[in-house]
Each structure stands twice: as C-alpha cells, then as structure tokens.
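This report describes a model of two chains, beginning with the interior of one of them. Please look at the sequence and structure shown here before reading on.

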Amino acid sequence: MKTITFDQIKTSSIALEFDELIPDEIYSWTEADFAKYQVPIGNSRFPITDFFDITVEGEANGPEEVEMILNGDLNRVKYIGCKMSAGNIVCNSSVDLHVGAEMSGGSILVKGNAAAHAGREMSGGYLEIEGNTKEFTGASYIGEWRGMTGGQIVVGGNAGKQCGECLTGGRIHVKGNCDILAGIHMTKGLIEIDGDVNRWPGGQMKNGNIVIHGFLGRLLEGFVLNGIVVDPEVEGTTFKGKYIHYTGDIGLNGKGNLYLGAEANKEKLAEYGELDDEYTSIREYRNL
Amino acid sequence: MEYILKNGIVYDPANEINGEKMDVMFKDGLIVDNVSADAEVLDVTDKIVMPAGVDPHAHVAGPKLVVGRLYRPEDSRRGVTQKTKVLRSESGFSIPSCPATGYRYSRLGYGTVVEAAMPPLEAKHTHEEIATIPQLDIPAMPLFGNNWFVMEYAKDNNIEDIAAFVAAWLKISKGYGIKIVNPCGSEAWGWGMNVHGVNDKAPYFDVTSKEVIVALAKANEMLNLPHSIHIHPNDLGHPGNVPTTIETMDAVKGIKKGKGAAEVRDQVMHLTHLQFHSYLGNSWKDVTSGAEEVAKHFNKADNLTCDIGQVTFDETTTMTADAPMEYDLFKLSGLKWTNKDIECETAAGIIPCIYSKRSPVSTLQWAIGLELFLLIEDPWRVCLTTDHPNAGPFTRYPRIISWLMSNEKRQDMCDNEVHKWVHKRTLLPTLEREYDFYDIATITRAAPAKIYGFTDRGALTPGYRADIAVYDINPNDIDPSKQADEIEKGFNVADYTIKDGQILVKDKEIVKVKESQNIWVNVKGWEQNEQKVIDNIMPFFTQYYSVKWENYPVHDHYVSNPIRVDVDGK
Ligand SMILES: [Zn+2]
Ligand SMILES: [Zn+2]
C-alpha cells in the first residue's frame, strides 16, 4: 500500500485541476516526482508544491494500492478523482466541481459538500459525499444523453437540481432531500431519496426506478398511477413498507417506475379515495 | 523562396506519374520545373509525394455547423487540445471547431475543401466561418434545388432566366457552383412532407424534381461553369431508392457540356454520397445493397461522376439540407434532433448518428460504400468522401484508404468485426480489387480537381499552385494489402503539407498557420440578363424575405483575399 498525503499550504482563487493526480497516473510517483509536477490552474500551470506539502509513504504496484488523503480547504480544487479506475481518495473538506466524474472504479470519500457534477458520467466505483451536493449529481454533461452508467453514489445530505439526469445505470442514494427534476431523462438504474422532493422527479424518463421515501410536492402529468404496493423489490433491494407506484413518463411511452412512500404522502393517498384502474395522475395533478 | 523536394516517390495521376523517384520544385508559391542552386533542399527520400488533397464534398462552414456545435457540446468535449505557440486550442470530433477543422485537414495533407451546402441567405455567415478555418482554400456551393425562383422558372422551362439567376446568385453568395439537395423535397418539408422519386411535385409549385434537375443542368452548361451540377438526389437513405438514383442519373442524358471552363471536366452531373442512394428492398427489414446495380449503370454513363460518403463506424453528427430525411432518422433513432427552415431557399436538419459495427444497417451502409468504390471501374469518376460529418469525420480518410488498399483487411472485418448482413446482403466479401497508391492519388486529388474544373491544383504541373503533401510511407517497402494499419498510420499525418509554396506541416507538426481563401466563380457576359431577373423578382423578394435586398449579398469585406475564377459565360 502507498499513502500519498496532500497537506494544503496555500489556496488559490482560481481552481486547481486534479484530473492528472489520480491513482492511475501517480501510483509510482515519489516525492521528487511531485516536486517536478505542475498543476493546471486556469490557462497556466504552477508547481503543485506551491499549494500542497506532499508526503509519500509505502509502495504501490498499481493504482489499486494507492490511497490519497487530501487535507485543507479543497473548495477550489476540481476534478478530484476524475477518470480514476482504482484506488482510494479521501477528501477531508468540501470539494469543487466534477469530483469523481467519469470514474470507472475505486472509491472517493468527501467529508464535506461537493459542487456541481459530482460523479458525472461515472461508470463504476463508489463515491460518497457526507454533506450536500449541488446540481447534476451523477448526471450527464451538457448535451450528452448518456449519463452515469454504473457504480454507486451516496449523498449524506441534500442533492441539487437534476440529480441523476440521463441516468443510464448504477445507483444514487440521497439521504436528505432532493431538488427538482431528479432522474430526468433516465433510462436505467435506481435513484433512492430518503427525504422530500419538491417537484417533478422522473421527467421524460424511459425506464429505471426512482424511490422516494419522503414527501413529494408535485408529480409530472406523465405519470400514471399503478396502485399501492407493499414491500416492493426494486433492483434486488426490498423497500419495507407501503408505496404508491406510478409508471412514466407516458409522454415518451416510458416504462419507468416511481415509488412514493405512502406514509409521507398520505394526503395524496387520501385524495385518491377508492382506487380504480382509470385513476390517472393527470386527474391528480389537476386536483393539487 | 525556392525549394526542392528531393528524391520522393511521386504519384501525380494528372501527369501520369506513377511512383517515379523524382524531385519536385517550387518557387514563389508555384510548381516550377527548375530552380537555382540556392534552392532550399527538403530531403524526402523514399517518401510518397502527391499533390495536396482536394476534398470535393464536406460540411465545414455555415449555420448547420454552428447549430451542430451548439446542440452537441458533448461532441466538442472530444478532441480538446491546449493552445500552443503556433496553434489555437482544438475541440470537437465530428464537428470540430473552425481552427481544428483547418489544422486537421492540413495534417492529412489536404489543401482544398469544398463546403458542400451554403444557403444563399446564410452565405455571409458561411464566409465568416470560412475565414476562421485556417490552412485551406474553401469554395462553397450555394443551394438551388429548392429555391422558389428556380422552381418557378423550371416549371416554365425558362432555362435562360435560371442561368441568369444562377450567375447573379453566385456573385451574390460568392459561390462556386450549383448544389441541389433533395430537389423539391426540402421545400415539401415546409409542409411536413417529402417528395418520393423524381416525378413527384413540390406542393404548390407544380414542378417535379426531375424538371428542376434538368433545368439547372442545362443552365449550368449554358453558363460554362467549371463544375457541373452537384446533386444529393431524392430519397436519400430510403430502402428501395435505387430506381430514383438511376432516374436521376438518366435525367441528364443528352445534355451537352458547356464550353471554355466547362471543358476541363467530363461530367454534366456529380452525384454526391452515392452510398446513401444505393439501397434495394422495401423497408429496413428486407433492405439489401443496390451497389452493383447503381455501379453498373454509372459505369455505362460517361457523363457522371460521384463521391461516396463512406461510413466509418463512428459516433458522428448528420447535417443536411435534406430536412425531411433527418426527421426520418429521428424517428428511427430517437436521438435529439433539430431542424431549420431557410425562408424561400431550403431547410436543414441535424441529428447525432452512431454507426456501429454491431448494427446491421450501419454494416450494410459501410459495405455499400466500399462496394461502390470497388465496382466503379474508373477512379477518375469517383472521389473519396465521408460527406463529413454525415457518414463519419474526414479525419478517417486514412482508414478508408487502408480498406481500399487491402482486401485482406476487408475480409477480416467481414468475418470477424461487422454484422453478418455483410455476407447475406452485400457483395463486399466477394470483391477482391485493391486500390494502389496511384488510384488513391486519383480519388483524393486528381479526380476531384478535374471534376471541379480546377486548373491550378490537384496536380504537380509547373505553373500550378505549390500544394503538395509528403507522407512517411515508402511504397517500395510496404505491402498495403498486408499492412493496412501502417497505411492508415502513414496517411494520418503528413510529413510535409505545403500550401501555395508555404510549408504548413513539417515533420508531422503544424509549423505555420495560413489564412484560408474562398474560391468563387464570376460569370461574365450575363450582366444584363442578371439585372433583368433581379428586377423581375424584386417585388416578391421585398415581400417575402426577412432581409432587405441591400443586406442580402455577401459584401466584399466578408471575403478577404478571395480567389475569383472568371468564367466566360457566353
Ligand atoms: Zn447531402
Ligand atoms: Zn453533404
């Protein structure tokens, strides 16, 4: 095992870009190698040692034997773990944009918040953010219709807008609340939200699953009520309790599943009265 | 400055030089047959020397490109490079940024690229983009096949006024020749429709596609234009479009070539991306290759040339003035689609496209392209294109060259890489022909130059522009049929690319950036007819165009340093 510790000595107002400093690239580096390395900042490069004291302990034969520990204020450090395929990164701070973007393996732990595009288009591995995330967690990049395809993201706090946009596989678990349009355009995979969602999850989803344990403010018109399910099994996980099950987005002939915790959404349930087959979300939308 | 490229192995089909070891000399931007003792010697011993490449059909500048880049930012993420002391940063794969387009063509050893579709209304913008693509000479082809005035004149069989209109519009748009895309079909798209076959009429115009084609071909020859009509026929990409393609070819039977500038070329019609027009069957379920039938017909007619639009198996972006076809593609793939209407002139559509070796349809398209290359007998009548970016990016030309030169490579792909439809629905596995370097130089340089009537490029003739490419391939030391990968590698980056005598690429690196130049055709002798036509259409123009007449033409300051080709139209 090799442990590479980055202790911050100076911050930068323009973000440092860390996508070259991933285990895949640096597993064989010595302290002398880091001393020679220049990190991209804006349109220039500067010695990494201007910003961090770097200590290397132990040996590694490959990226899987590397642990990177990042200490200090990382609010202006972006692309941490971007495109990594193996190894571990621990960030003892909040981090800037694109943490874990396009990662295919290994794990990242952020002991703070993450800015937008955390876990963007990741295809494997494990990304955990103990705090909140901003927009586009586990989403695709602008224009791209193939988002996260594999791996797992866990957000300890709240997630921002368009979490899991274009999700094409993998799992996202948000332990707090989630902003608008979670799982928009998704085609596969699972988004689980423990808290509340203000509105419009699953817009234009073609397939995949969204489970919301908390209260949902507003559902889109394209979701059709399927009925009440008890202890549904979704992608190998059993969710205990009663859920309201919808299919959508029917505007796109979507076959996605949306499960709403019945307890948290009991007002909605009360409005349905006697459930019958013809009862659609369109009526429900108008009632709201 | 004088230079001598020493000891290269030269392929120059226009001068019938086939792999001779010889020196090529140039001075003050032009090829010469001798230089003084002071000439700088560039040692290219045992390397291939050819005229710089001429791409007869690509989409590199104009509003479609901008819309494509705007709505496919995910494409711009591919191919990003940092700026250097010489180069600006690059971005994009199928729709590269303007600088990247110029650099990449230059690295491939190209010097001239024709922008294949310019709506006259958007010509200003097209020229602005041409101005930001470095390294190349770029003629642009204004679209006439769905133009309301042209359709009106064609209905009345008024060839003289069409000729005057074209002569005027080439000046107005700073265009090179007549481009026709899905004649009457793009107009029909304004009503949510398309035309099928050449005898369908555009709604409300009472004129058929065939009438438009014939009228424009006659006008083209009446004006003695250096290039013939350049047509993207009807029914592109539709299973069963072979009869339409053959009827399109037959439409120009008996039309006589013009005089003067028109005499450089042999054809009266250039068919573009013929691959997309060679499908038999009734639907995607029973579609088969129509390459044999199309090639047979094509070989017999001596008044036609074509380029292929070879599929390269990439994720690319399709963009064409054939807007109804793009909608068909959208219905097939469901990927994001965008569409544009250009007032009284044309339309356009854009959609990403993923050509996959595992897909039966992509495989069929790939095979049909190669079948056409191998079944069309005369290399002077066929050009290498991917209809960039429609069937793939131009940066894949070296790969296509390697396929054409190696039957072994093709067989290996048929047996191990692509979908089994290649065996069931195409002839490709039975075709053993292999191109040699002379053929490659023909389809990438000599033929397109001749087809466009260029008399200053596409050959290493003394007096021609010193547009030269040198490749790090020793033809005496490589077996292209067995070393396909080396061929691709060798053609991927030129050792030298020389444009107008300036060394732009040296040792496979761009060392110099040169401003691009537009080439346009100035027809002389029709000035009075042009004014008459403009006066006639002015009330209509004023009523229906969203721009004022004064703002419509491409003013001179949009076209810095153009190459004007004066043509005697009478
Ligand atoms: Zn076309
Ligand atoms: Zn084209």
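## Nonpolar cores

In this predicted model, B:Val166 is in contact (C-beta atoms, placed from the backbone, within 7 Å) with B:Phe144, B:Ile178, B:Ala219 and B:Leu223, leaving aside its neighbours within four places in sequence. A second, separate core of 74 residues includes A:Phe18 and A:Ile244. B:Val166 is also among the residues with the most contacts inside the largest nonpolar core, which has 183 residues. Such a core is a set of buried Ala, Val, Leu, Ile, Met, Phe, Trp, Tyr and Cys residues joined through C-beta atoms within 7 Å; buried means that 20 or more other C-beta atoms lie within 10 Å of a residue's own.

Residues are numbered from 1 along each chain as its sequence is written, while chains are lettered from A and ligands numbered from 1 in the order in which they are written. As the model is predicted, local features need pLDDT of at least 70 and side-chain atom pairs count only at pLDDT 80 or more, whereas totals for chains, interfaces and linings use all residues.

## Overall form of chain A

Chain A has 288 residues, of which 45% count as buried. A compact globule with 288 residues would have a radius of gyration (taken over C-alpha atoms; the rule is 2.2 Å times the number of residues to the power 0.38) near 19 Å, and the 21 Å of chain A agrees with this. Its C-alpha atoms fill a box of roughly 70 × 35 × 30 Å, taken along the principal axes.

## Contact between the chains

Five residues of chain A are in contact with seven residues of chain B.

Notes
Two residues are in contact if their C-beta atoms, placed from the backbone, lie within 7 Å. A residue is buried if 20 or more other C-beta atoms lie within 10 Å of its own, exposed if 12 or fewer, and partly exposed in between; C-beta atoms are placed from the backbone.
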